[in-house]
Every structure is written in structure tokens, then in C-alpha cells.
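Visitor: I am new to this structure and would like to learn how to read it. Where should I begin?

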Amino acid sequence: MTGDDPADPVDTDDPESGLAERRGLDETVVYQPAEDSGLLAEAAVAEAHGRVLEVGTGSGWVAQQIADERGLAVVGSDLNPHAARQARERGVEGVVADLLSPFRADAFDTVCFNPPYLPTDPDNEWDDWMEHALSGGESGRELIEPFLDDVGRALAPGGVVLLLVSSLTGYDEVLTLAEDAGFAADPVVEESFPFETLTVVALRRA
Ligand SMILES: C[S@@+](CC[C@H](N)C(=O)[O-])C[C@H]1O[C@@H](n2cnc3c(N)ncnc32)[C@H](O)[C@@H]1O
């Protein structure tokens, strides 16, 4: 089966399954692990507990690190069905979802998110899966805002949100949004690169 339905089963031993071609396709339409993924994985392996959701799981690599290193049950969700499928091929429970919309109240003890965060000129937007992975709209915060508005609903009491924040997105602005949503923020790990500083913050109910 090579259809787009993420529920399609894949026989990985079948040379006719089209898996190799699909892997090639997935690498062009699914965000592959990079420095930001590594930083989120480092923080999540240290801080995650209980039932874990990785929003915007992409290849599923971060979710897989958490499951392998901590032995926790991890759901990886993504708007991109190719990503959900790639996560499942890694053994992660990959589901298609727009941010937190399908998840019930108090469902997770840990929610991780490496959001699309690059500020993007509306005139330079293009409409494909890679843009959905990279672009945070004009401010860089267009996905972070609705995520922070809703994540408290899906988070169980005592839960933690691990959010990757880039200096390109505005660290102080994101922390203000988090405070407005009722969270206190603690930086967990930080790394500087030539064009940006990346920080993973732990958000807990204030
Ligand atoms: C920067 S990539 C991070 C991928 C992966 N977590 C990692 O760290 O390697 C952002 C991911 O968010 C997904 N995404 C974008 N908009 C989304 C939405 N509304 N709901 C869920 N996922 C979304 C993208 O498809 C992409 O896989």
C-alpha cells in the first residue's frame, strides 16, 4: 500500500511496497532532525514524565529518543500525514492532528513542541509541507500562540510543557505569552549558533 492514508499498513519487507521511494519523498516533505531537534530531545529526556505528547513530531526522532531513553509511552502528532507515517515507521504512535485539537483534557503529563518558528514575509510564503514545518508566520509566533492558549487544557495537574524557543521568534515575547496563559517558565538547555540562540523552556502552571 502506498496511499496517503496514514492508517495504511506498510509491509517493510515487501520490495513492491514502495517504502524506499516513500522514504525519499518523506525526506523532502518531512522535517529531518537538526540542532533544534537535538536540543529538545536533550531537555525532554531529562524532564519528561508520565504520558508524553510531542506536538509537531516531524520524523518522530525526538519522540523515539524519549521512548528509548526513558521507557515512556510517547504519542507523536503532526499536521503532516507523511510525518505521522514516518513517526510510526520509527515505532512511535504517530497521529495526524492540528496542534492539540483532538486530545482530551488532562491527557498528558508532558507536552513537547519544537514549533515552526521562522518569521516569514507573507509575500515569500509558499504552500507546502516544508513551509508548515518552518514558517511561524510574520511574527514567528503564529503557531506558538494557539499552542500556548490550548496546551493547559491537555496537560494533567503537575504536568510540564517543554517548548523550544528561538531568539529569532523573540524569547521575551514567547515568555510573556506563556505567562499570559498561566505558566511560569524555567530555561532547561540553551545553545547559541551564529544566527540564533535556541532555548528549551519548561513551563509549569504558575
Ligand atoms: C520544526 S519542525 C519539528 C519537527 C520535529 N519535532 C523535530 O524537532 O525534528 C515543526 C513540525 O511541526 C509540524 N506542524 C506545523 N503546523 C502544525 C500544526 N498546526 N499542528 C501540528 N503540527 C504542526 C510540522 O509539520 C513539522 O513537522
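**Reading the ligand site and a strand pair**

Guide: Begin with a polar contact, a pair of N or O atoms within 3.5 Å. Here a polar atom in the side chain of Asp 78 is 2.6 Å from an oxygen atom of the ligand. Keep in mind that this is a predicted model.

Visitor: Which side chain lies 2.7 Å from a nitrogen atom of the ligand?

Guide: That is the side chain of Glu 54, through an N or O atom. The backbone can take part too: an N or O atom in the backbone of Leu 79 is 3.3 Å from a ligand nitrogen atom. As for cover, the ligand taken alone exposes 600 Å², and the protein buries 97% of that.

Visitor: Where does the ligand sit, and which residues come nearest?

Guide: The ligand occupies the largest pocket. There are 19 residues around it, of which Ser 37, Glu 54, Gly 56, Asp 78 and Asp 98 come nearest.

Visitor: How many residues of that shell are nonpolar, polar and charged?

Guide: The shell has 9 nonpolar, 7 polar and 3 charged residues.

Visitor: Now the strands. What is the general idea?

Guide: Side chains in a regular strand alternate between the two faces of the sheet. In this model, look at strand E6, residues 183–192, and strand E7, residues 197–205. E6 and E7 pair over 9 bridges.

Visitor: Is that pairing parallel or antiparallel, and what joins E6 to E7?

Guide: The pairing is antiparallel, and a hairpin of 4 residues makes the connection from E6 to E7. For one bridge, find Glu 191: its partner in E7 is Leu 198.

Key: Residues numbered from 1 in each chain as written. Predicted model: local features only at pLDDT ≥ 70, side-chain atom pairs only at ≥ 80, totals over all residues. Heavy atoms only, no water. Near = heavy atom within 4 Å. Polar contact = N/O pair within 3.5 Å; in protein donor to acceptor, adjacent residues only side chain to side chain. Areas by Shrake-Rupley, 256 points an atom, 1.4 Å probe, with all protein chains shown as cover. 1 Å grid on protein atoms, 1.4 Å probe; cavity = no way out; pocket = protein on both sides within 12 Å on 5 of 7 lines; lining within 4 Å. Sits in = over half its atoms within 2 Å of the grid points. Nonpolar A, V, L, I, M, F, W, Y, C, P; charged D, E, K, R; others polar. Pairing = 2+ DSSP bridges. Helix = DSSP H or I, 4+ residues; strand = E, 2+ residues; numbered from the N terminus.
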